[in-house]
Each structure stands twice: as structure tokens, then as C-alpha cells.
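Let's take a walk through this protein together, starting from the inside and working outwards. Have the model open and be ready to rotate it.

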Amino acid sequence: MTVLEEVRSEYQKQVDEHLEENRAAALKIRDILADSPVNYNGVFDKTVHIPKVYDKETIDRFQEIAGMTHRIFEKVIDAYQTDPEYRKLFPFSKELEELMCLPIPYDSRLPMARFDLFYYEDTGDFKFCEINTDGTAAMVRDLEYRKAIVHNPAHQAVLEQYDLQPFEVFDSWVKTFLELYKTYPKHVETPNVAIIDILDNATMGDFEEFQRRFRAAGVECEIVDVRDLQYHDNALWSPSGMKVDAIYRRAVTADIMEHYDECADFIAAARNDDVFFAGAFATQVIHNKWLFYVLHRPESRAFLTDEEWAFVKAHVPETVELSEEYISLETFQANKDKYMLKPMDAYASKGVYVSGRECTQEEWKKAAAELYGTGMICQEYCEQYLTENIDFAWGDGTWHHSSCAWRPMTASSWPMKTSGPCPFTLSMDVSERLAN
């Protein structure tokens with residue numbers, strides 16, 4: 001039995017031996033989360049009772065995956081910015097393409113991202129689910145879940161036997177952000193920072209926690225709607241009159257383009273290199289779901305090493321547009337269990353259709369016929385790794401198999417204590433659910 005199997009077995013033993021105490025604790029945790037920043041407009045993620053635990057071997061594996069993925073993605077961004085023919089592979093407007101080709105005047109093409117993947121614990125193999133870049137969220141969920149889990153008696157019992165430590169995702173990003181800012185040629189000693197978004201869509205819990213951490217690091221920080229920024233005198237200004245030196249851009253590119261005219265001042269400052277912002281518009285190459293299609297193209301093979309190409313072929317699911325140019329409607333409808341449908345460019349699971357395996361054949365045929373040729377993508381269905389878990393708060397309080405995805409570069413899980421630095425952090429996908 002591996003140490004991870006030992007830990008999982010101990011969690012299950014503690015739950016089974018103290019079932020009612022754990023049931024009561026789960027209901028208390030549910031109420032705590034309902035009254036916390038993870039409750040976003042009346043909706044918050046449902047959690048199962050047993051957290052995930054990683055050992056050093058697994059963490060090392062995630063580091064390896066994140067490192068390889070980041071190297072490949074930086075090459076993709078570089079190819080997009082320098083090769084007009086490569087740019088033609090992506091479905092971006094001329095206005096967005098112009099912004100994406102702006103120079104990146106600091107030492108990272110991809111400073112923030114979340115790599116969502118299905119990880120198979122028995123083998124260390126995996127398949128990517130999707131990629132998020134500048135709008136990457138979930139940090140406050142990790143923080144609030146970590147606070148709430150102190151009320152979980154099974155977890156407290158396991159802590160008495162094993163040295164488990166949570167990942168840290170706020171101060172580490174603030175430190176990285178400020179170090180990156182120092183590589184910006186126009187940097188000042190102590191920058192004023194703005195966290196920007198279309199605030200109608202903002203995850204304010206994340207923003208407010210980051211604001212506290214930036215201020216604790218000795219820099220002023222404001223949360224600003226990108227539409228309210230003002231550009232004059234070769235500088236960007238917040239509504240309060242603060243000169244903005246550095247921006248943590250949480251506004252996803254699609255939202256900025258939807259409000260293009262209202263974001264004119266921010267865009268003008270970006271064009272003129274009068275403000276540092278992480279990340280650059282070029283990160284949209286990675287955020288857009290069409291990336292998975294382009295990665296399999298020979299144009300991408302041309303600049304990848306043999307090892308990187310093998311990585312892509314093994315771990316990036318086959319992806320095409322649901323249209324006549326790529327796949328016939330009859331083929332798609334006849335292979336219900338092979339595919340799932342997604343929008344070309346969205347976030348927070350907006351517009352994601354269930355996989356064919358969660359539909360009847362008639363439901364699948366109907367959805368396919370309605371969406372064929374509308375710009376949706378169809379993607380290879382990836383098997384999910386199942387482990388035993390229990391849900392007292394929202395489920396039936398019995399053991400079921402649980403499926404989940406892993407997110408290198410954000411956090412919501414508990415690693416076993418390791419020595420040495422961890423260059424990225426990890427998270428359990430919020431869509432974890434009990435499988436029948």
C-alpha cells in the first residue's frame with residue numbers, strides 16, 4: 001500500500017467510525033462556506049468531505065508537467081507574435097490580433113495560468129481539460145476551504161498522524177508579480193498596483209484578498225473597473241486619482257473586447273507602453289480553446305522539440321470545430337461517447353455542454369444538429385480518475401466514486417510536507433462530483 005493509499009484509507013476509517021460527527025461537521029462547513037467569499041451571487045461550489053493529499057513524488061510530477069507545458073506555451077506565444085502565417089491558424093479579429101502582437105516588455109510571456117487536467121494517480125498519466133490565463137481564479141476558494149476544513153474531524157485525526165501542509169497562493173503571486181515588475185524597463189521603486197476587471201464579472205473575494213496581500217507587501221493597491229481607468233499625461237489613473245504603475249489584469253480578453261470602446265483608455269496606455277500589466281494580451285493565444293487544435297498542427301511541430309511534440313500528442317485532447325470543414329454531422333452524432341462540446345472562447349464553464357456520455361442518443365443528436373456550424377468545438381472525451389469519497393452536505397452521505405480534475409498553478413488541496421521550494425501550486429477542480 002502506498003502512503004497516499006494509507007492516508008486515504010485513514011480518512012475513510014475516521015469517517016466510518018465517527019459517521020454522525022462527520023455528518024454534523026459537513027453541514028457546519030456548508031453553512032460556513034455559504035457565509036464566506038466563495039458564495040458568489042448565491043452560488044458556491046459543492047465540496048465532498050475528504051480532501052486530496054499529494055506526496056512528494058506526485059508534486060514532482062506536477063512540477064514536471066507544469067514546466068514542460070509552460071515552455072511549450074511560451075513558444076506558441078512567440079510563434080504567434082513573430083509568424084504571420086501561424087497567426088492565421090487562430091480565430092482572432094484584426095483588432096485583437098493587433099493587441100496580441102504588442103511587445104511584452106518584461107521577462108515572461110505567460111506570467112499567470114491555470115492548467116486544468118485529468119490526472120490518473122495510478123500511472124502518473126494525464127489529459128488536459130482546458131487552460132486559463134489572466135482571469136485565472138479559485139485562490140479564495142482554496143483559502144476559505146482551508147479555513148473551513150478545521151471543522152472536519154476526519155481531517156483533524158489524519159493531521160495527528162501525517163504532516164500535511166497546504167499550498168500558499170496569494171503571497172507567492174504577489175512576490176512573483178513584483179519581481180516581474182522589476183524587469184519592466186519603466187519600473188519605479190514602489191509601484192501603485194491596480195487589480196482590474198469588468199467588475200460585473202469579478203470574483204471580488206479573490207480581489208479583496210490580493211489587495212490585502214499587496215498592501216502587506218508595502219505597495220498601494222486598488223481594485224478598479226477597467227472601464228473607469230483614465231489615460232492622460234502618458235500615464236494611467238484610477239478614479240481615486242492614483243497613478244497606476246502596475247496592473248494585475250484579471251479582466252479576461254474576451255470581456256475587454258466585448259467592451260472595447262469602454263476600455264479605450266486602458267488599451268491606449270497598453271499600446272503606448274505607459275503601464276506594466278501582467279499578463280499581456282498575447283496570453284489569449286493560450287486561453288482560447290482553439291489552442292488544442294493548433295497544437296496538433298504541423299506548424300506547431302515545426303518549433304517544438306521531439307520531447308515536446310510527444311508531450312502534446314500524448315496529453316492534449318484532439319479538438320476540432322463542429323463544422324463541415326472538420327467533421328461531418330453524421331460522424332459526430334454517431335460517436336456520442338467519444339466527444340464533448342465546448343464554446344470556442346469562454347470561462348467559468350459558460351456554455352459548456354455535457355459530454356455525449358451524459359446524454360441520451362436523441363438528446364445528443366438534437367444538440368449536435370442545433371449547434372453544428374455555430375462555432376462550437378468538439379473535443380475528445382477524457383476518462384476521469386475515480387476515488388472513494390463521501391458527501392454529507394449535498395449528497396446522500398454514503399460512499400461513492402468521485403471524479404475530479406487537477407489544476408497546477410492554483411490551489412485547493414493538501415500536500416504532504418516536502419522539502420525545497422515548489423514553483424507552482426495545485427488545485428482540485430471545483431467540478432468534482434460523486435459518480436454513480
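Start in the middle. The largest nonpolar core holds 93 residues, and the ones with the most contacts inside it are F177, F214, I247 and F266. Helix α3, which spans residues 56-82, gives this core its largest share, eleven residues. Keep in mind as you look around that this is a predicted model.

Click on F177 for a feel of how the core is put together. Leaving aside residues up to four places away in sequence, F177 touches V193, F214, A246, I247, Y248, F276 and A278. Two of the names from the core list, F214 and I247, turn up again among those contacts. There's also a second core, separate from the big one, with 14 residues, among them L4, V7, A154 and Y162.

Now zoom out to the whole chain. You'll find 17 helices and 17 strands. Of the 436 residues, 55% count as buried. If you take the contacts with a separation of 6 or more, 75% of them come from residues 24 or more positions apart. As for the outside, the chain exposes about 19,000 Å², with carbon and sulfur atoms supplying 49% of that.

Back to F266, another of the residues with the most contacts in the big core. F266 sits in helix α11, residues 264-271, where F266, I267, A269 and A270 are buried. Look down the axis of α11 and those buried residues fall within an arc of 160°, so they line one face of the helix. Just past the end of α11, D273 takes a positive phi of about 55°.

What does α11 pack on? To see that, find the open sheet of three strands in the order β6-β7-β8, where the pairing is antiparallel. β6 (230-232) and β8 (243-244) are the edge strands, each with a single partner, so one side of each has no neighbour in the sheet. α11 packs on this sheet, touching β6 and β7, and its direction makes about 45° with that of β6. As for the pairing itself, β7 (residues 235-237) and β8 run antiparallel and are joined by two bridges. One pair to pick out is L236, whose bridge partner in β8 is V244.

Next, a strand that is well worth a slow look: β2, residues 114-120. How many of its residues are buried? Seven of seven, which makes β2 a mostly covered strand. In a regular strand the side chains alternate between the two faces of the sheet. You can follow that here: R114, D116, F118 and Y120 point one way from β2, F115, L117 and Y119 point the other way, and all are buried. Note that the buried set includes R114 and D116.

β2 doesn't stand alone. Seven bridges join β2 to β3 (residues 125-132), and the two run antiparallel. D116, for instance, stands opposite E130 in β3. The two strands form a hairpin with four residues between them, and G124 in the turn has a positive phi of about 80°.

Another open sheet is made of three strands in the order β11-β13-β12, with antiparallel pairing. β11 and β12 take the edges here, each with a single partner strand, so one side of each is left without a neighbour in the sheet. From one strand to the next, the twist averages 30°.

Strand β13 (residues 377-380) is joined to β11 (residues 319-321) by three bridges, while β12 (residues 339-342) pairs with β13 over four bridges. I377 is a handy residue for seeing both pairings at once. On the β11 side, I377 is the bridge partner of E321; on the β12 side, I377 is the bridge partner of K342. For one more pair, Y339 stands opposite E380 in β13.

Finish with a single histidine. Is H287 buried or exposed? H287 is in helix α12, residues 284-287. Its relative accessible area is 5%, and the cut-off for buried is under 20%, so H287 counts as buried. Then measure across to A254 on your screen: H287 and A254 are 33 residues apart along the chain, with their C-alpha atoms separated by 9.9 Å.

Conventions: Residues are numbered from 1 along each chain as its sequence is written. This is a predicted model: local features need pLDDT of at least 70, side-chain atom pairs count only at pLDDT 80 or more; totals for chains, interfaces and linings use all residues. Side-chain values use heavy atoms; hydrogens and water are left out. Buried means under 20% relative accessible area, exposed over 50%, partly exposed in between (1.4 Å probe, protein chains only). The arc is that of the directions from the helix axis to the C-beta atoms. Two strands pair if DSSP finds at least two bridges between them. Contact means heavy atoms within 4.5 Å. Axes are lines fitted to C-alpha atoms, for helices over the stretch in contact, and angles run from 0 to 180 degrees between N-to-C directions. A nonpolar core is a set of buried Ala, Val, Leu, Ile, Met, Phe, Trp, Tyr and Cys residues joined through side-chain atoms within 4.5 Å. Accessible areas come from the Shrake-Rupley method with a 1.4 Å probe; for residues, only the protein chains shown count as cover.
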